[in-house]
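Biologist: Let's go through this one together, and I'll keep asking what the labels rest on. Ready when you are.

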Amino acid sequence: MTTPIGEDDLTAWVDDRLTAERRHVVELYLADHPEIATRLRQQQDQRTALRSLFGLIAAEPVPATMRIEAIAASRSRTRPAWFQAVAAALLLAVGFGGGWGVRTRTMPPQAGIGALAREAGYSYRVYASDAQRPAEMGASEKQQLVSWASRRIGSRVAVPDLAEAGYHFAGGRLVATPHGPALLLLYDGAAQARLAVLSRPMDIDKDASMVSTRDGDVQQVSWADRGIGFSVVAPSATTGLQPIAAAIRGQAATT
Amino acid sequence: MDERAALIEPLIPGLRRYARGWLRDAALADDIVQDCLERAVSSWRQRRGDPMRPWLYAILHNLLVDHGRRAPRRAMLVPIDTADEVALAVRAKQSDAIEHGDLLRSLDALPPDQKAVILLVSVEDLSYAEAAAVLGVPVGTLMSRLSRGRDRLAELMGAGARAKLRRVK
């Protein structure tokens with residue numbers, strides 16, 4: 001007595017994963033059932049076609065960024081920044097003395113900072129949703145981006161490190177605002193979440209405390225220090241934007 | 001660290017191929033593989049005794065599904081005719097190219113569940129048990145999904161061929 005032929009036998013026959021014994025039984029069955037045999041042969045042809053179609057991709061040389069050593073090294077390099085970010089966040093938390101929540105809710109966006117947040121929102125919608133080429137210069141051209149943007153904006157800029165918050169620098173570009181050029185930095189987080197930081201010199205509100213705003217599908221945290229305004233933008237569902245903003249503010253203060 | 005590289009790196013070509021089976025944009029597919037590898041390194045300790053291959057493919061698969069959910073419109077912006085050529089390094093004879101184009105289009109038209117099984121088993125050569133672990137379904141479910149997917153793919157290919165004949169007439 002043999003076990004009856006099942007769909008699983010037929011599937012395994014297509015994949016050539018049966019034992020020699022079982023294959024023999026299946027082939028006897030197929031000889032008696034020509035329509036099923038035709039169907040399975042077609043599936044086998046398909047399988048061969050798919051393998052040849054995708055076969056060459058696996059032969060392509062693997063990008064250097066995918067070396068496990070490179071990935072591990074870039075993770076450990078970010079550790080000092082982690083301490084810095086936490087230290088900055090702690091200092092800020094102490095400084096605000098818990099009055100933070102009240103402050104952001106009761107303070108209406110002032111003219112300068114409000115405009116900055118709006119500009120950041122516009123740029124975010126245009127560039128952050130771009131899957132192909134969100135940035136003019138990628139993460140590998142960070143140094144060139146920094147010197148170019150510093151020259152155009154007329155003030156020294158830096159690229160904050162947000163690795164510990166789970167975001168890595170993806171690239172940046174200059175964007176136009178009614179107040180001249182601004183630098184837009186893009187960061188990628190887990191599961192395709194994207195965050196942007198816009199910065200430019202401020203005419204008014206040269207020093208302004210942090211303000212949270214929300215505009216439809218995006219939220220912003222904006223502030224200004226020593227004449228430079230910053231606005232961090234993320235989708236409104238993102239949590240933990242304020243500690244990230246605090247980390248950026250802390251890093252900017254130490255550079 | 002050496003152990004991690006020794007276990008993960010041999011699987012990278014296959015992971016890239018799997019991502020490319022889902023996405024016609026090669027750069028985007030590689031970005032997602034990169035994300036997968038970073039996650040694998042950062043959550044290495046959570047792996048415990050899980051076998052390597054299904055563990056990695058599961059991370060990648062979930063990222064791909066997430067991506068598909070998040071950006072269905074973005075994916076549609078790539079015109080199919082140019083995508084066939086751009087996304088695949090295969091530059092075969094003219095007739096092969098046409099057949100490959102049909103096959104890709106039919107593959108893209110499959111429900112994601114069926115496409116995943118076909119790619120994991122037929123192209124990536126995962127065992128039925130491994131593929132079932134990646135997708136989080138029992139082996140029986142996996143096998144019937146595979147068989148249904150293959151039938152559906154044949155139907156789609158047949159429909160494409162018929163449409164072409166009609167156009168020729």
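**Contacts, burial and strands**

Modeller: In chain B, residues 24 or more positions apart account for 66% of the contacts with a separation of 6 or more. "Contact" here means that two C-beta atoms, placed from the backbone, lie within 7 Å. For chain A the share from residues 24 or more positions apart is 59%, again among contacts with a separation of 6 or more.

Biologist: Some ground rules, please.

Modeller: This is a predicted model, where local features need pLDDT of at least 70, side-chain atom pairs count only at pLDDT 80 or more, and totals for chains, interfaces and linings use all residues. Residues are numbered from 1 along each chain as its sequence is written, while chains are lettered from A and ligands numbered from 1 in the order in which they are written.

Biologist: How many helices and strands does chain B have, and what makes a stretch count as one?

Modeller: Chain B has 10 helices and 0 strands. Helices and strands are DSSP runs numbered from the N terminus: H or I over at least four residues for a helix, E over at least two for a strand. Chain A has 9 helices and 7 strands.

Biologist: Why is Arg17(B) called buried?

Modeller: The rule says buried if 20 or more other C-beta atoms lie within 10 Å of the residue's own, exposed if 12 or fewer, and partly exposed in between. Arg17(B) has 21 other C-beta atoms within 10 Å, so it passes. Arg17(B) sits in helix 2 (residues 12–22) of chain B, and, leaving out residues up to four places away in sequence, it touches Phe54(A), Ile57(A), Ala58(A) and Val123(B).

Biologist: How is Phe169(A) classed, buried or exposed?

Modeller: Buried, because Phe169(A) has 20 C-beta neighbours inside 10 Å and the rule takes 20 or more. Phe169(A) belongs to strand 2 of chain A. Not counting neighbours within four places in sequence, Phe169(A) is in contact with Ala139(A), Lys142(A), Val159(A), Leu185(A) and Tyr187(A). Leu186(A) is 17 residues from Phe169(A) along the chain, with 6.2 Å between their C-alpha atoms.

Biologist: How do you know how enclosed helix 9 of chain B is, and what is the count?

Modeller: In helix 9 (residues 128–135) of chain B, 7 of the 8 residues are buried, so the rest of the structure largely encloses it. Among those buried are Tyr128(B), Glu130(B) and Ala131(B). Right after helix 9 of chain B, Gly136(B) takes a positive phi of about 65 degrees. As for whole chains, 39% of the 169 residues of chain B count as buried, against 32% of the 255 residues of chain A.

Biologist: What makes a set of residues a nonpolar core?

Modeller: The members are buried Ala, Val, Leu, Ile, Met, Phe, Trp, Tyr and Cys residues, joined through C-beta atoms within 7 Å. The largest such core has 49 residues, and Ala19(B), Cys36(B), Leu60(B) and Ala131(B) have the most contacts inside it. Apart from that core lies another, of 44 residues, including Val211(A) and Trp223(A). In soluble globular proteins, nonpolar side chains tend to be buried together.

Biologist: On to the strands. Why do strand 2 and strand 3 of chain A count as paired, and over how many bridges?

Modeller: Two strands pair if DSSP finds at least two bridges between them. Strand 2 and strand 3 (residues 180–188) of chain A have 9, in the antiparallel sense, so they qualify. One example is Ala176(A), whose bridge partner in strand 3 is Pro181(A). A hairpin of 2 residues joins the two strands.

Biologist: How about strand 1 of chain A, and how many bridges does it share with strand 2?

Modeller: Strand 1 (residues 137–138) and strand 2 (residues 168–177) of chain A are antiparallel, joined by 2 bridges, so the threshold of at least two is met. Met137(A) has Gly172(A) as its bridge partner in strand 2.

Biologist: What is the strand order in the sheet, and which strands stand at the edges?

Modeller: The order is 1-2-3-4-7-6-5 (chain A), an open sheet of 7 strands with antiparallel pairing. Strand 1 and strand 5 (208–215) of chain A are at the edges; each has a single partner strand, so one side of each lacks a neighbour in the sheet. Strand 4 (residues 194–201) and strand 7 (residues 228–235) of chain A share 6 bridges.

Biologist: Finally, how many residues does each chain bring to the contact between them?

Modeller: Chain B brings 39 residues and chain A brings 29. Helix 3 of chain B gives the largest share of the chain B side, 8 residues.
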